[in-house]
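Student: I would like to learn how to read a protein model step by step. Could you show me the chain and then take me through a few of its features?

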Amino acid sequence: WETVLLIGVVSIIYTTFGGIKADIYSDIIQLIILWSGALVAIGVLWNLLDGQAGDFLVRDLNRLQVFDFRHSGLGDGQTFAFWPMLVGGLFLYLSYYGCDQSQAQRLLTTATPRGAQKALFLNGLLRFPLVLTYSTIGILLIPFLHVHPDFAQQLQGQQPDFLVPYFLTQYMPKGILGILIAGIFAASMSSLDSALNSLSAATYQDFLVKLFPRLANLSDRRQVQLSRWLTILWGAIATGFALEMIGGSETVLELVNKIGSAFYGPILAIFWLGMLTRRTNQSGAILGLISGVLTNIFLWQFYGSRVSWLWWNVIGFGVSFLLGYGIGRASTSSSFPSADEYAFTAHDFRQYLTDKKYYFILLGVFVGIIVFSYLLQEYLFALALR
């Protein structure tokens, strides 16, 4: 709890005084620290294993499987099979990067729409090697636990989240240890500062100004002061929530994504309703949103891990979109909408495809990742069977 409280307080301080500018610059620094620290951890792990990682993985071929095409994640309890990862992950990231204020606020700071495109393009290119670096640490820790049973014994009864911190504190040289701990702190603060800034902005612009219109007439100085107090308030709430969640049975990463997946699909549906049709009204959109979220919460409570939480993004989207559109149609007119009633026209679509090179490059990178992963899997299987 001491660590959570410290991270919360530091994040509140620099986000309150620096706003989105502090978030962006600190995130760049945090990325450098985290990525370099992860590479150092891989080097230390590889040296400690002394060539035994390959021997262990050969004995446990299941660890080499990249794709699971046999399961669907619907009723079989296989959360990370190929199809829920591909389809559910698509809807999750469409909503995360397109509709989540914590991400959209970064795009809004670019000087031009083209600058926002480039930011998303670079993110698409860099995300895979970054995640691959983190995953490599986890893969190497599996044989490490078998080679060092005394260390594995210390983790009995602990959450999986404690594996990496325990390893770092016991096996890293002290100077490097400081950098790696700073990397973990950086990752935690990077997740928190964006949320605090976006919560403050959304609360002020979307709620307080609507409820109290005179706030829009305040001086810039007064508006900034009020926004800072909102940041402190949300920081206290977020830190308190984090302290309350300590000691749960799930890993932090999975819990965060579960909570997000309960909302991401329905939120994406509301944006699409606004973009694709003018027949939907406010009542339909709100009822659709609520229905989609409640459907996902129902799946969470009554189906648990039997239905992959990645599918919640798709299911919540479908429920919210269909119900929102249906209610909107029923409350306006029963006639079939004409082409000019759709908000998202063919002209708009052509505008979105103006810079086709970005789309084709990212699509090519995606296909390349799939092919690379599959060939790597087959190569490792062949190597192991020799």
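Tutor: Let us start with one residue, Val307, which is buried, with a relative accessible area of 10%. Buried means under 20% relative accessible area, exposed means over 50%, and partly exposed lies in between, with a 1.4 Å probe and protein chains only. Val307 is found in the loop between helix H11 (282-303) and helix H12 (309-332), and although Val307 and Asp68 are 239 residues apart in sequence, their C-alpha atoms are 16 Å apart in space.

Student: Before we go on, what kind of model is this, and how are residues numbered?

Tutor: This is a predicted model, in which local features need pLDDT of at least 70 and side-chain atom pairs count only at pLDDT 80 or more, while totals for chains, interfaces and linings use all residues. Residues are numbered from 1 along each chain as its sequence is written, and side-chain values use heavy atoms, with hydrogens and water left out.

Student: How are the helices defined?

Tutor: Helices (H or I, at least four residues) and strands (E, at least two) are DSSP runs, numbered from the N terminus. Take helix H1 (residues 2-49) as a case: Leu45 is found in H1 and counts as buried at 0% relative accessibility, whereas Ile20, which also lies in H1, is partly exposed, with a relative accessible area of 24%.

Student: What do C-alpha distances say about Leu45 and about Ile20?

Tutor: The C-alpha atoms of Leu45 and Phe144 are separated by 7.7 Å, with their positions 99 residues apart along the chain. For Ile20 and Ile42, which are 22 residues apart along the chain, the C-alpha separation is 32 Å.

Student: How should I describe two packed helices?

Tutor: Two packed helices are described by the angle between their axes and the distance between the axes. The axes are lines fitted to C-alpha atoms, for helices over the stretch in contact, and angles run from 0 to 180 degrees between N-to-C directions. Here the axes of H1 and helix H8 (residues 174-211) come within 5 Å and cross at roughly 135 degrees, which makes H1 oblique to H8. Angles under 35 degrees count as roughly parallel, over 145 as roughly antiparallel, 65 to 115 as roughly perpendicular and the rest as oblique.

Student: Is H1 roughly parallel or oblique to helix H5?

Tutor: The axes of H1 and H5 (residues 113-147) come within 10 Å and cross at roughly 30 degrees, which makes H1 roughly parallel to H5.

Student: Which handedness do these crossings have?

Tutor: A crossing is left-handed if the near helix is turned anticlockwise from the far one by less than a right angle, and right-handed if clockwise. H1 passes H8 in a left-handed crossing, and the crossing of H1 and H5 is left-handed as well. H8 and H9 pack at an angle of about 125 degrees, with their axes 8 Å apart, which makes H8 oblique to H9, and here H8 passes H9 in a right-handed crossing.

Student: How many salt bridges are there?

Tutor: Side chains of opposite charge can pair when their charged atoms come close. A salt bridge is a side-chain nitrogen of Lys or Arg within 4 Å of a carboxyl oxygen of Asp or Glu, and by this rule the count comes to one salt bridge. The side chains of Arg106 and Asp27 meet in it, at 2.3 Å from N to O. This pair links distant parts of the chain, with Arg106 in helix H4 (residues 101-107) and Asp27 in H1, 79 residues apart. Arg106 is partly exposed, with a relative accessible area of 21%, while Asp27 is buried, with a relative accessible area of 13%.

Student: Which residues form a nonpolar patch on the surface?

Tutor: Patches are made of residues with over 30% relative accessible area and no salt bridge, where like charges are joined within 9 Å and nonpolar side chains (Val, Leu, Ile, Met, Phe, Trp, Tyr) within 5 Å. Accessible areas come from the Shrake-Rupley method with a 1.4 Å probe, and for residues, only the protein chains shown count as cover. Phe69, Trp83, Phe360, Leu363, Phe366, Val367, Val371, Tyr374 and Leu375 form the patch, with about 910 Å² of accessible area together. Its largest share, seven residues, comes from helix H14 (residues 356-385). Tyr374 lies in H14 and, at 39% relative accessibility, counts as partly exposed.
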